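Hello, and thanks for sharing this one. Below are a few points to follow with the structure open beside you.

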Amino acid sequence: MAFLHPSESFEIKTSSEPSVLDIEATTTIPEGNHHGICLTWKDIWVNTIAKGKNGRRSILQGLTGYAKPGQLLAIMGPSGCGKSTLLDTLAGRLATNTRQTGEILINGHKQELSYGTSAYVTQDDTLLTTLTVKEAVYYSAQLQLPNTMSKQEKKERADFTIKEMGLQDATNTRIGGWGVKGISGGQKRRVSICIEILTRPRLLFLDEPTSGLDSAASYYVMKRIASLDQKDGVQRTIITSIHQPSSEVFQLFDNLCLLSSGKTVYFGPASAACEFFALNGFPCAPLQNPSDHLLKTINKDFDQETDTEISIEEAISILVSSYKSSEMNKDVHNEVAILSEKQMKPMDKNKGHAGFFNQCLALIKRSSLNMFRDLGYYWLRLGIYIALALSLGTVFYDFDTSYASIKDRGSLLSYISGFLTFMSIGGFPSFVEDMKVFQRERQNGHYGVVAYVIGNTFSSVPFILVVSIIPSVITYYLCSLQKGSEHFFYFASVLFSSLMLVESLMMIVSSIVPNYLMGIVTGAGIQGVMMLVGGFFKLPHDLPNFFWRYPFHYMAFHTYVTEGLFKNEYEGLRFDGPNAQGVNIHMTGEEVLTEIWQIGMSYSKWVDLAIMFGMIVLYRVLFLFIIKGTEKMKPIVGSLLYRMGESSKTVIHVEKPDATPLNEHVV
C-alpha cells in the first residue's frame, strides 16, 4: 500500500451498523444528561523543571482532546510516551518537578475537580492487607459518604458497590499481603476501584487498571468498569491509561488517544484506529491484536524497522504529520471548541464528606483492627519486650540498698530509657504501609490529616499500654525496684510515654523520609544522638555547653525519661555500704541524684512526665504541620524552581497561563 504524504488529509468512514462492543464516539452529548461531565483539553504542554544536557524536556507536546459522559477514553502508547503524565495532568496530579501549560475545561468552565464528583484509581493497589474485602469497602464508605446517609444506607451502598465489581464471592476474604494468602491481583484492583466509586463519581480516572493482570482478569476488570453506568445509572466519564490491552479489552474502548514521545499519533474512535494506520501504509494483519499492531508500529525503544522496511522514527513522523493534517484532527478541535463554548452546567460542588467525628471514629476502628491483626505492628514487639524484661529481671535480680546497687539501678533504668524504647522502631515497617494507605486516601480527599492523626493516636494507645504494662510488671518486681503502687504506676507511665514519643518521632520521620530503609536509619540516628545527650553516658554538667547541653540536652526526650525514672527510683531510699576504696558510705537518694547523677531537683518527677506528654502532643502536631506544609509548599517551590530556570535559559516553548484542575482536600 502506498504511503500518504504528511500534508495529505483524509476522512475515515466507519460502518453504519457498529456492534455493541465496537461503538464509535459520538459528537453529541446524550440527551437528558444534564449532570454529566465533559472534559476538554487544548494545546497541553508539560515540561520538566530540571534541565538536562539539551535543556528542559517536553513530556507532552501540544495535546488536544476531550472525554464525554457515558464513554470510555483509553490513553495508549509505549512505555515513556506520556500516558500517565497526561492522566495526571487532567486529574490535577502533576508532580512539582514539571510545568504544565494549556487549557483544561470542565463542562466549559475553568474549575477544580471536586471531591465526590471525580475519583482517581492509582496503578498500585495500596490497601490494608489485614482487612477483608467487605471491611475495606465498608470503612471507606463510613469515611467518605456524607452524614445525611445512615450507617445502614452506607452499608447497603458498600454491598451494592462490591456486587457491581463482582466481588461478592470474596466478601469475607482478607486482601492479603506478604506471608498471608489473600485475594487475587484482579480482585485487589477491583477493590481499589470499589473504594473510589463509592461516592458515585461522574468522572473516573484509572492509571493502568490492568497492570500485572493476565488477559482474562484484564478483560473482566475492564468490562466491569465499562458497564458501571448500566448498574448504577450514572453517565460516567471514564479516562484510563492502559499499556497493552487484549483485543477483547480493546473493543470496550469508545475513544482512543494514542501517544508516542508525548505527541498525538491518533485521537478518535477506537474502532477506526486500524483503518487510520492502514491508510498511512501500516495495515494490521487480519488475525493480529489491534493494540499490539498499533504499539509495535510506534515503539521506538528498539532500533528496528517496520514491516514496510522504514524506521520506527519515520513511521511515527508519518503518522503524527498525517494526523495533524487529517479531517479527524479538525473534528477533534471542532468538538473541543463546541464543548468549551456550550453553556453546560458547571460541575457540582464538593459532595459532603462524613462528619469529622464520624471520620475519626471510623479511622480508630479500622486502625485498631489493622493493628490487632498485623503481627508485626505490636505483637512481635510485645514478645521481644517480654523476652528483654525477663533478661533484665534475671541479670539485675532483687536489688538491695547497698552502695553498689546505686550503679546497677542507674544502668537498668538507663537501659530501659534508651535501648528498650529504641526497640519501638521495629514497628516502622508496618507504620510505613499504613502511611501509604493514608497518602493515597489523603490525595483522593477521603479525609484530612487531623482525622488521621487522631485516629492513629487513639487506636495505638491500648496496644502501647499492653506493651508497656506487661514488661513493666516483669522487670519492676523481678528487680525489686522501689516498692509502692505509686512508684510502679509512674514507672509504667514513663515507659508508655516514651514508646508513644518514639512512635510520634517515627511519624515525623516517615513524613520527611518516605523511603523504608532510609526512614529506619534516620529514626535510629536521631534516637542515638538523643540517647547520647540524655544524661547517662555523659553526665549533664560534663556535656559541652554549646549545642550539646544548650539546647539539645533539653530537647531530647531521653533527658526527661532518664530524670523521671531516676527520681522515681532514688527519692526516699537510703544507701549504705563500702565504696570502691572500702570506705563505708551513707547517702540518701536525693544526694545520689544531685551528686552522682547530676540531676536537678528544682522540679518533681511529675513535671518530667508532663513534659513527655507535652512532647507527644508537640510531635503529633508537628507531623500534621509537616504534611500540610508540604502540600502547600510543593507548588510554590516548583514555581520558584521553574522561574529560576527561566531566568538562566529560555525555553523553546512559550508558556501560557496554567489551567490545571486540582483536587480539593479536606483539612
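1. Let me begin with the sheet, bearing in mind that this is a predicted model. Six strands form an open sheet with mixed pairing, in the order β5-β6-β7-β3-β8-β9. Its edge strands are β5 (118-121) and β9 (263-269), each of which pairs on one side only. From one strand to the next, the twist averages 15°.

2. Look next at the β8 and β9 pair. Strand β8 (residues 255-260) runs antiparallel to β9, and 6 bridges join the two. You can use C257 as a landmark, since this residue stands opposite F267 in β9.

3. Two helices pack on this sheet. Helix α9 (residues 290-298) touches β3 (72-76), β8 and β9, and its direction makes about 25° with that of β8. Helix α10 (residues 312-324) touches β8 and β9, with its direction at about 55° to that of β9.

4. Another pairing deserves a look: strand β1 (residues 39-48) and β4 run antiparallel and are joined by 8 bridges. Here N47 stands opposite R99 in β4. As for burial, strand β4 (residues 98-106) is mostly covered, with 7 of its 9 residues buried.

5. Finally, what should helix α17 (residues 485-512) span at 1.5 Å a residue? Its 28 residues should span 40 Å, and the end C-alpha atoms are 41 Å apart, so the expected and modelled values agree. This helix is also mostly covered: of the 28 residues in α17, 24 are buried.

Note on methods:
Residues are numbered from 1 along each chain as its sequence is written. This is a predicted model: local features need pLDDT of at least 70, side-chain atom pairs count only at pLDDT 80 or more; totals for chains, interfaces and linings use all residues. Side-chain values use heavy atoms; hydrogens and water are left out. Helices (H or I, at least four residues) and strands (E, at least two) are DSSP runs, numbered from the N terminus. The expected span of a helix is 1.5 Å times one less than its number of residues. Buried means under 20% relative accessible area, exposed over 50%, partly exposed in between (1.4 Å probe, protein chains only). Two strands pair if DSSP finds at least two bridges between them. Axes are lines fitted to C-alpha atoms, for helices over the stretch in contact, and angles run from 0 to 180 degrees between N-to-C directions. Contact means heavy atoms within 4.5 Å.
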